[in-house]
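Subject: Structure for you to look at, with notes

Dear colleague,

Here is the structure I promised to pass on to you. Please have it open while you read the notes underneath.

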Amino acid sequence: MGIHRLNHAVLYVSDLDRSVAFYRDVLGFRRVPMTPEGFRGAAFLQAPGSTNDHDLGLFEIGAGAGRSTAGRATVGLYHLAWEVDTLDELATTARRLTEAGALVGTSDHGTTKSLYGRDPDGLEFEVVWLVPADRLDDAALAARTRIGRLDLAAEIQRYGGDTRGGVGISVPV
């Protein structure tokens, strides 16, 4: 089996317009016209810079839908992680999530620098920057076994705000 990346995710949401607005305004996704004719209650979105035909499908199930209890009372998906190219983009995303009241946490996993957000239905996601392979050192590799506090300003100072992340890891050299 040769899986090499996630092509798209599909989420059930209570209010389609509200969810489309969130993913568009906060994370920069754009709506792509691929909803089957005559089909209502669905939207397909593409992440900025993505080459996928869509990265996120949203299906409305109505205002009466309960919030997910995955991880608290049922099994289920905890979160998806989307990668950004630079720490400057991660900082911009942190500001947008904060302004939307959707930033629920940050963490430093040594080789990854992460933000955690929650959409209007309470579904969680991660936005991550990966340390490029040529910048991995013993300290970053050792830190993978812990979850530390993310000091984004210090990481920008250390790696540079415009350093392309994931090179040699998730992005070919």
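What follows is a description of the two sheets, the helices that I looked at, and one loop residue.

The model is a predicted one, in which local features need pLDDT of at least 70 and side-chain atom pairs count only at pLDDT 80 or more, whereas totals for chains, interfaces and linings use all residues. Residues are numbered from 1 along each chain as its sequence is written, and side-chain values use heavy atoms, with hydrogens and water left out.

To begin with the sheet toward the N terminus in numbering, the strands S1, S4, S3 and S2 form, in that order, an open sheet of four strands with mixed pairing. Helices (H or I, at least four residues) and strands (E, at least two) are DSSP runs, numbered from the N terminus, and two strands pair if DSSP finds at least two bridges between them. The edges of this sheet are S1 (9–13) and S2 (30–32), each of which pairs on one side only. On average, and with direction ignored, neighbouring strands are turned by 35° against each other. S1 runs parallel to S4 (residues 56–60) and is joined to that strand by five bridges, with Ala-9 standing opposite Leu-56 in S4. Helix H1 (residues 16–25) packs on this sheet and touches S1, S2, S3 (42–46) and S4, where contact means heavy atoms within 4.5 Å. The direction of H1 makes about 155° with that of S4; for such values, axes are lines fitted to C-alpha atoms, for helices over the stretch in contact, and angles run from 0 to 180 degrees between N-to-C directions.

The other sheet is also open and mixed, with four strands in the order S5-S8-S7-S6. S5 and S6 (103–108) are its edge strands, each pairing on one side only, and the twist averages 20° from one strand to the next. Strand S8 (residues 124–130) has six of its seven residues buried, buried being under 20% relative accessible area, exposed over 50% and partly exposed in between, with a 1.4 Å probe and protein chains only. S8 pairs in the parallel sense with S5 (residues 79–83) over five bridges, and Leu-80 stands opposite Phe-125. With S7 (residues 112–118), S8 pairs in the antiparallel sense over seven bridges. Ser-114 has Val-128 of S8 as a bridge partner, and Ser-114 in S7 is also the bridge partner of Ser-107. The hairpin of S7 and S8 has five residues between the strands, and Gly-122 takes a positive phi near 85° there.

As for helix packing, H2 (residues 87–99) and H4 (residues 152–159) pack at an angle of about 165°, with their axes 10 Å apart. These two helices are therefore roughly antiparallel to each other, since angles under 35 degrees count as roughly parallel, over 145 as roughly antiparallel, 65 to 115 as roughly perpendicular and the rest as oblique. In this contact, Leu-87, Asp-88, Leu-90 and Ala-91 of H2 meet Leu-152, Glu-155, Ile-156 and Tyr-159 of H4.

Finally, His-109 lies in the loop between S6 and S7 and is buried, with a relative accessible area of 18%. Leaving out residues up to four places away in sequence, His-109 touches Ser-114, Tyr-116, Ala-143, Arg-144, Arg-146 and Ile-147.

With best regards
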